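Colleague: Could you take me through one part of this model, slowly and residue by residue? I'd like to hear about the side-chain contacts and how the pieces around them sit together.

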Amino acid sequence: MTALWHRPKRPETARQTISEHDQAIRTLETARKNTMKLSNKTWGKAVLAAAVGLSLLGAPAAAETPQTDSEFDQRVRDALLRNPDIILEVFALLEAKEEAAKTVKDQELIAKVAGELFEGLDPEKPILVEFQDYNCGYCRRAHPVVASLKETMPDLQLVLMETPVLGKESTFTAKAALALKALKGVDAYREFSDAMMSVQGKANAATTIRTLAELGHDPEEIAAAVQEGVGAEDLEKAKRMAEALGATGTPYFVGPGGIIRGAAPADRLQAITNAQGTGETAAN
């Protein structure tokens, strides 16, 4: 990040200083209204100039002796100590700028893969894609939130991307889920996925086979399908989309309106489900 503070040229007289820093204060006020247009370097100059201006406006007009660097630095420090809100405002606005920049980058990422990521979905209806791992504790916490959102938004198009980032046990369960989807359909897949997200203990071969049996499926049939590579294309697609979108962890939510990294409340998830959303970017 560009350094926040940049020392302006030191004025030669107090009268010149007051005039120039009056202008600097106005520059800062303008900057507050145009946060998105100012670079960090411009912000640093504006804040420093305003701070010095505040200091000089309160100083005796007779002090016309040119300042040394140390004197100048001390006056800046004193001005900022008297007006700490300046620093708080700067950091808040810089943070807003950084978030806005992330939002732009995220929209660029989404645009590059939208054709494949949202393939077959109705763009007129809300969309939410979740990258998940059955052994991810945060995914399990997010699961009821997503389920609740689906209930309140019946037309929500929810797409689950199996992203087993936590090892071989997660990979086996993900492959079984996708094989089941290919053989028995989306409804059977969703039922199994819901059950595995609330299973006691880890998702592994034992709990996967038990859950399949409890739901009335033949575990041997699904295991054989996994061995044959049934559903492998879906797993490869999920991996490809995750890499393109920078989804190195789970849960990871993507919608036409933005990306949310990590678990989030329903209202924030809803905000990214359409292109007219807030364009939010978040990270836990």
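Modeller: What follows is a walk through the contacts, from charged pairs to rings to helix crossings. Keep in mind that this is a predicted model.

Let's begin with the charged pairs. The count of salt bridges comes to 5, and I'll go through some of them. One of them brings together the side chains of Asp 106 and Arg 261, at 2.9 Å from N to O. Those two come from distant parts of the chain: Asp 106 belongs to helix H4 (residues 85-117) and Arg 261 to strand E4 (residues 258-261), with their positions 155 residues apart. How buried or exposed is each partner? Asp 106 has a relative accessible area of 4%, so it is buried. Arg 261 comes out at 26%, which makes it partly exposed.

Helix H4 also supplies a partner for another salt bridge, this time through Glu 116. Its partner is Arg 240, and the closest N and O atoms of the two are 2.3 Å apart. Arg 240 sits in helix H10 (residues 232-245), so again distant parts of the chain are linked, here 124 residues apart. Both ends of this bridge are partly exposed: Arg 240 has 35% relative accessibility, and Glu 116 has 27%.

Another salt bridge joins Glu 169 to Lys 202, at 2.7 Å from N to O. Glu 169 is in helix H6 (residues 168-184), while Lys 202 is in the loop between helix H7 (186-197) and helix H8 (205-214); the two are 33 residues apart. With a relative accessible area of 33%, Glu 169 is partly exposed.

Now for the rings. How many aromatic pairs turn up in the whole structure? The search finds 2. One is Phe 131 with Tyr 252: the ring centres are 6.1 Å apart and the planes stand at 80°, so the pair is edge-to-face. Phe 131 comes from strand E1 (residues 127-132) and Tyr 252 from strand E3 (residues 252-255), which puts them 121 residues apart in the chain. Phe 131 has a relative accessible area of 0%, so it counts as buried. Tyr 252 is buried as well, at 3%.

The other pair is Tyr 134 with Phe 192, whose ring centres lie 6.5 Å apart with planes at 65°, so this one is edge-to-face too. Tyr 134 is in the loop between E1 and helix H5 (137-152) and Phe 192 is in helix H7, so the contact ties together parts 58 residues apart in sequence. Both of these residues are buried.

There is also a contact between a charge and a ring: the charged end of Lys 181 sits over the ring of Tyr 189, at 5.2 Å from the ring centre.

Strand E1 deserves another stop. Besides Phe 131, strand E1 holds Ile 127. Ile 127 counts as buried, with 4% relative accessibility. In space, the C-alpha of Ile 127 is 4.7 Å from that of Gln 157, although the two are 30 residues apart in sequence.

A backbone detail comes next, in the loop between H10 and E3, where Pro 251 is placed. The peptide bond joining Thr 250 and Pro 251 is cis, with omega at about -5°. So much for that loop; H10 is the helix that carries Arg 240, and E3 is the strand that carries Tyr 252.

Last, the helices around H7. Two packed helices are described by the angle between their axes and the distance between the axes. For H5 and H7, the axes come within 9 Å and cross at roughly 120°. That angle makes H5 oblique to H7, and their crossing is left-handed. On to H7 and H8: here the axes come within 10 Å and cross at roughly 130°. H7 and H8 are therefore oblique to each other, but H7 passes H8 in a right-handed crossing.

If you want to follow H7 on screen, start from Phe 192, which sits in that helix and pairs with the loop residue Tyr 134. From there, look at the loop between H7 and H8, where Lys 202 is found, and then at the salt bridge from Lys 202 to Glu 169.

How values were computed: Residues numbered from 1 in each chain as written. Predicted model: local features only at pLDDT ≥ 70, side-chain atom pairs only at ≥ 80, totals over all residues. Heavy atoms only, no water. Salt bridge = Lys/Arg side-chain N within 4 Å of Asp/Glu carboxyl O. Helix = DSSP H or I, 4+ residues; strand = E, 2+ residues; numbered from the N terminus. Buried < 20%, exposed > 50% of the residue type's maximum accessible area, 1.4 Å probe, protein only. Phe/Tyr/Trp six-rings, centres within 6.5 Å; stacked < 30°, edge-to-face > 60°. Lys NZ or Arg CZ within 6 Å of the ring centre and 35° of its normal. Axes fitted to C-alpha atoms, helices over the stretch in contact; angles between N-to-C directions. Parallel < 35°, antiparallel > 145°, perpendicular 65-115°, else oblique. Left-handed = near helix turned anticlockwise from the far one by under 90°.
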